[in-house]
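Open your viewer and have the selection tool ready. The stops below go one at a time, each with something to pick.

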Amino acid sequence: MVYAAVWAGLRAAELAGLQVGDVELSPAPLDPNAPAKSGALRVERTAATVRAASEDAPSFRYDTTRTRGSRRRVPLTPAMGEVLADYLAAHPRASEPGEPLLPVATFTPQKPTGLRATDADGRRVVPTAEEALAAMSVPEAERLVLDWAAPVRHGAFYKAIYRPAVYGRTVVARGSRPG
(Lines give C-alpha, C1' and ligand atoms only; values in the text may rest on other atoms or scores of the structure.)
Protein backbone atom coordinates (compact mmCIF):
# COMPACT_ATOMS: atom_id res chain seq x y z
CA MET A 1 0.00 0.00 0.00
CA VAL A 2 2.79 2.41 0.87
CA TYR A 3 4.63 1.69 -2.40
CA ALA A 4 1.45 2.24 -4.43
CA ALA A 5 0.68 5.45 -2.56
CA VAL A 6 4.15 6.84 -3.12
CA TRP A 7 4.97 5.61 -6.62
CA ALA A 8 1.52 5.91 -8.17
CA GLY A 9 0.37 8.98 -6.23
CA LEU A 10 -3.05 7.57 -5.40
CA ARG A 11 -5.37 8.98 -2.76
CA ALA A 12 -6.30 6.82 0.24
CA ALA A 13 -9.83 6.04 -1.02
CA GLU A 14 -8.44 5.19 -4.47
CA LEU A 15 -5.93 2.76 -2.92
CA ALA A 16 -8.69 1.13 -0.90
CA GLY A 17 -10.81 0.85 -4.05
CA LEU A 18 -8.20 -1.06 -6.04
CA GLN A 19 -9.14 -4.57 -7.03
CA VAL A 20 -6.93 -7.39 -8.28
CA GLY A 21 -8.15 -6.84 -11.86
CA ASP A 22 -7.05 -3.19 -11.78
CA VAL A 23 -3.39 -4.19 -11.95
CA GLU A 24 -2.08 -4.37 -15.51
CA LEU A 25 1.36 -5.96 -15.54
CA SER A 26 3.37 -5.93 -18.75
CA PRO A 27 4.52 -9.33 -19.94
CA ALA A 28 8.21 -10.08 -19.69
CA PRO A 29 10.01 -9.13 -22.91
CA LEU A 30 11.20 -11.97 -25.12
CA ASP A 31 14.58 -10.27 -25.47
CA PRO A 32 16.35 -10.40 -22.08
CA ASN A 33 18.39 -7.32 -23.05
CA ALA A 34 15.31 -5.22 -23.80
CA PRO A 35 14.36 -2.63 -21.19
CA ALA A 36 11.56 -3.67 -18.86
CA LYS A 37 8.19 -2.18 -19.69
CA SER A 38 6.08 -0.82 -16.90
CA GLY A 39 2.50 -1.78 -16.21
CA ALA A 40 -0.36 0.38 -15.00
CA LEU A 41 -3.03 0.67 -12.34
CA ARG A 42 -6.59 1.38 -13.43
CA VAL A 43 -8.22 3.80 -11.00
CA GLU A 44 -11.98 3.40 -11.47
CA ARG A 45 -13.47 3.40 -7.98
CA THR A 46 -12.99 4.36 -4.37
CA ALA A 47 -13.87 2.47 -1.21
CA ALA A 48 -16.17 4.24 1.21
CA THR A 49 -17.18 3.48 4.78
CA VAL A 50 -20.93 3.65 5.29
CA ARG A 51 -22.57 3.61 8.69
CA ALA A 52 -26.32 3.18 8.64
CA ALA A 53 -28.33 4.10 11.72
CA SER A 54 -29.68 0.54 11.95
CA GLU A 55 -26.25 -1.14 11.74
CA ASP A 56 -23.90 -1.73 14.65
CA ALA A 57 -20.69 -1.80 12.60
CA PRO A 58 -19.74 0.21 9.55
CA SER A 59 -19.96 -1.48 6.17
CA PHE A 60 -17.87 -0.84 3.10
CA ARG A 61 -18.92 -0.22 -0.44
CA TYR A 62 -17.27 0.74 -3.66
CA ASP A 63 -18.17 4.07 -5.19
CA THR A 64 -17.22 5.85 -8.37
CA THR A 65 -14.43 8.41 -8.28
CA ARG A 66 -15.47 11.99 -7.60
CA THR A 67 -14.97 13.22 -11.14
CA ARG A 68 -14.75 11.58 -14.53
CA GLY A 69 -11.16 12.86 -14.75
CA SER A 70 -10.27 10.92 -11.61
CA ARG A 71 -10.86 7.67 -13.50
CA ARG A 72 -7.51 7.06 -15.07
CA ARG A 73 -4.76 4.65 -15.93
CA VAL A 74 -1.67 5.36 -13.81
CA PRO A 75 1.62 4.12 -15.32
CA LEU A 76 3.93 2.20 -13.00
CA THR A 77 7.67 2.40 -12.79
CA PRO A 78 9.43 -0.89 -13.62
CA ALA A 79 10.37 -1.26 -9.93
CA MET A 80 6.73 -0.84 -8.85
CA GLY A 81 5.68 -3.34 -11.50
CA GLU A 82 8.08 -5.87 -9.96
CA VAL A 83 6.77 -5.17 -6.45
CA LEU A 84 3.16 -5.67 -7.61
CA ALA A 85 4.06 -8.83 -9.55
CA ASP A 86 5.65 -10.33 -6.43
CA TYR A 87 2.69 -9.17 -4.33
CA LEU A 88 0.16 -10.74 -6.70
CA ALA A 89 2.17 -13.99 -6.78
CA ALA A 90 1.58 -14.27 -3.02
CA HIS A 91 -2.01 -12.86 -3.03
CA PRO A 92 -4.41 -15.71 -2.11
CA ARG A 93 -7.16 -14.33 -4.39
CA ALA A 94 -5.01 -13.19 -7.32
CA SER A 95 -7.11 -15.16 -9.82
CA GLU A 96 -10.31 -13.28 -8.85
CA PRO A 97 -10.28 -9.85 -10.58
CA GLY A 98 -13.12 -8.37 -8.48
CA GLU A 99 -11.46 -9.02 -5.13
CA PRO A 100 -9.78 -6.26 -3.10
CA LEU A 101 -6.11 -5.77 -3.94
CA LEU A 102 -5.19 -4.72 -0.40
CA PRO A 103 -6.54 -6.64 2.63
CA VAL A 104 -7.96 -5.39 5.90
CA ALA A 105 -5.33 -5.77 8.61
CA THR A 106 -6.41 -6.28 12.20
CA PHE A 107 -4.68 -7.51 15.33
CA THR A 108 -5.93 -10.39 17.39
CA PRO A 109 -6.73 -9.14 20.88
CA GLN A 110 -3.95 -9.23 23.41
CA LYS A 111 -4.48 -10.35 26.96
CA PRO A 112 -5.09 -7.38 29.26
CA THR A 113 -2.04 -6.49 31.34
CA GLY A 114 -3.88 -4.83 34.20
CA LEU A 115 -1.39 -1.95 34.17
CA ARG A 116 -2.54 1.62 34.67
CA ALA A 117 -1.65 3.91 31.77
CA THR A 118 -0.53 6.73 34.08
CA ASP A 119 1.17 6.99 37.44
CA ALA A 120 -0.13 8.94 40.45
CA ASP A 121 1.23 12.19 38.97
CA GLY A 122 -0.57 11.68 35.66
CA ARG A 123 2.57 10.80 33.66
CA ARG A 124 2.17 8.04 31.08
CA VAL A 125 3.89 4.81 32.18
CA VAL A 126 2.40 2.48 29.58
CA PRO A 127 3.46 3.06 25.95
CA THR A 128 0.89 4.50 23.57
CA ALA A 129 -0.54 2.18 20.93
CA GLU A 130 1.76 3.69 18.30
CA GLU A 131 4.83 3.20 20.53
CA ALA A 132 3.85 -0.38 21.34
CA LEU A 133 3.22 -1.26 17.69
CA ALA A 134 6.49 0.37 16.59
CA ALA A 135 8.42 -1.65 19.19
CA MET A 136 6.87 -5.00 18.21
CA SER A 137 9.12 -7.92 17.43
CA VAL A 138 8.46 -10.17 14.45
CA PRO A 139 6.83 -12.93 16.57
CA GLU A 140 4.54 -10.35 18.18
CA ALA A 141 3.63 -8.98 14.74
CA GLU A 142 2.26 -12.43 13.84
CA ARG A 143 -0.89 -11.32 15.67
CA LEU A 144 -1.66 -9.36 12.50
CA VAL A 145 -4.59 -10.99 10.69
CA LEU A 146 -5.29 -10.21 7.04
CA ASP A 147 -8.84 -10.36 5.67
CA TRP A 148 -8.51 -10.72 1.90
CA ALA A 149 -12.26 -10.48 1.27
CA ALA A 150 -12.68 -6.86 2.39
CA PRO A 151 -11.02 -3.67 1.12
CA VAL A 152 -8.36 -2.06 3.28
CA ARG A 153 -9.61 0.55 5.74
CA HIS A 154 -7.35 3.54 5.40
CA GLY A 155 -7.90 4.86 8.92
CA ALA A 156 -7.13 1.52 10.54
CA PHE A 157 -4.08 0.98 8.33
CA TYR A 158 -2.81 4.47 9.06
CA LYS A 159 -3.26 4.13 12.82
CA ALA A 160 -2.18 0.51 13.31
CA ILE A 161 0.60 0.06 10.74
CA TYR A 162 1.74 3.18 8.90
CA ARG A 163 2.14 5.63 11.82
CA PRO A 164 3.85 3.07 14.09
CA ALA A 165 6.27 2.23 11.26
CA VAL A 166 7.08 5.90 10.73
CA TYR A 167 7.30 6.44 14.49
CA GLY A 168 9.69 3.50 14.81
CA ARG A 169 11.92 4.90 12.08
CA THR A 170 11.89 8.34 13.68
CA VAL A 171 12.77 6.95 17.10
CA VAL A 172 15.64 4.86 15.72
CA ALA A 173 16.95 7.86 13.79
CA ARG A 174 17.11 9.84 17.05
CA GLY A 175 18.98 7.02 18.76
CA SER A 176 16.39 6.24 21.44
CA ARG A 177 13.80 3.52 21.88
CA PRO A 178 10.10 4.02 22.64
CA GLY A 179 8.67 3.31 26.08
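The tour visits a core, some salt bridges, a strand residue and a cavity.

A word on the ground rules: this is a predicted model, where local features need pLDDT of at least 70, side-chain atom pairs count only at pLDDT 80 or more, and totals for chains, interfaces and linings use all residues. Residues are numbered from 1 along each chain as its sequence is written, and side-chain values use heavy atoms, with hydrogens and water left out.

**Stop 1: the core.** Select Leu10, Leu15 and Leu41, which touch the most other members of the 21-residue largest nonpolar core. Such a core is a set of buried Ala, Val, Leu, Ile, Met, Phe, Trp, Tyr and Cys residues joined through side-chain atoms within 4.5 Å; buried means under 20% relative accessible area, exposed over 50%, and partly exposed in between (1.4 Å probe, protein chains only). Helices H1 (2-8), H2 (12-17) and H3 (78-90) and strand S2 (40-43) each give two or more residues to this core. Elements are DSSP runs numbered from the N terminus: helices are H or I with at least four residues, strands E with at least two. Now expand around Leu10: beyond its neighbours within four places in sequence, its contacts (heavy atoms within 4.5 Å) include Leu15, Leu41 and Arg72.

**Stop 2: salt bridges.** Stay with Arg72 and add Glu14: the two form a salt bridge, with the closest N and O atoms 2.9 Å apart. The term needs a side-chain nitrogen of Lys or Arg within 4 Å of a carboxyl oxygen of Asp or Glu. Glu14 is in helix H2 and Arg72 in strand S5 (residues 72-75), so the pair ties together parts 58 residues apart in sequence. Glu14 is buried at 3%, while Arg72 is partly exposed at 27%.

Next, pick Arg73 and Glu24, whose side chains meet at 2.6 Å, N to O. Arg73 lies in strand S5 and Glu24 in strand S1, so this bridge ties together parts 49 residues apart in sequence. Extend the selection to Asp22, Arg42, Glu44 and Arg45: with Glu24 and Arg73, they are joined into one network by salt bridges that share partners.

**Stop 3: Thr46.** Is Thr46 buried or exposed? At 15% relative accessibility, Thr46 counts as buried. Thr46 sits in strand S3 (residues 45-50), and its contacts beyond four places in sequence include Glu14, Tyr62 and Asp63.

**Stop 4: lining residues.** Finish by selecting Val104, Ala105, Val152, Arg153, Ala156 and Phe157, which line the largest cavity (lining residues have an atom within 4 Å of a point; on a 1 Å grid over the protein atoms alone, a cavity is a set of points where a 1.4 Å probe fits but cannot get out).

Conventions. 1 Å grid on protein atoms, 1.4 Å probe; cavity = no way out; pocket = protein on both sides within 12 Å on 5 of 7 lines; lining within 4 Å.
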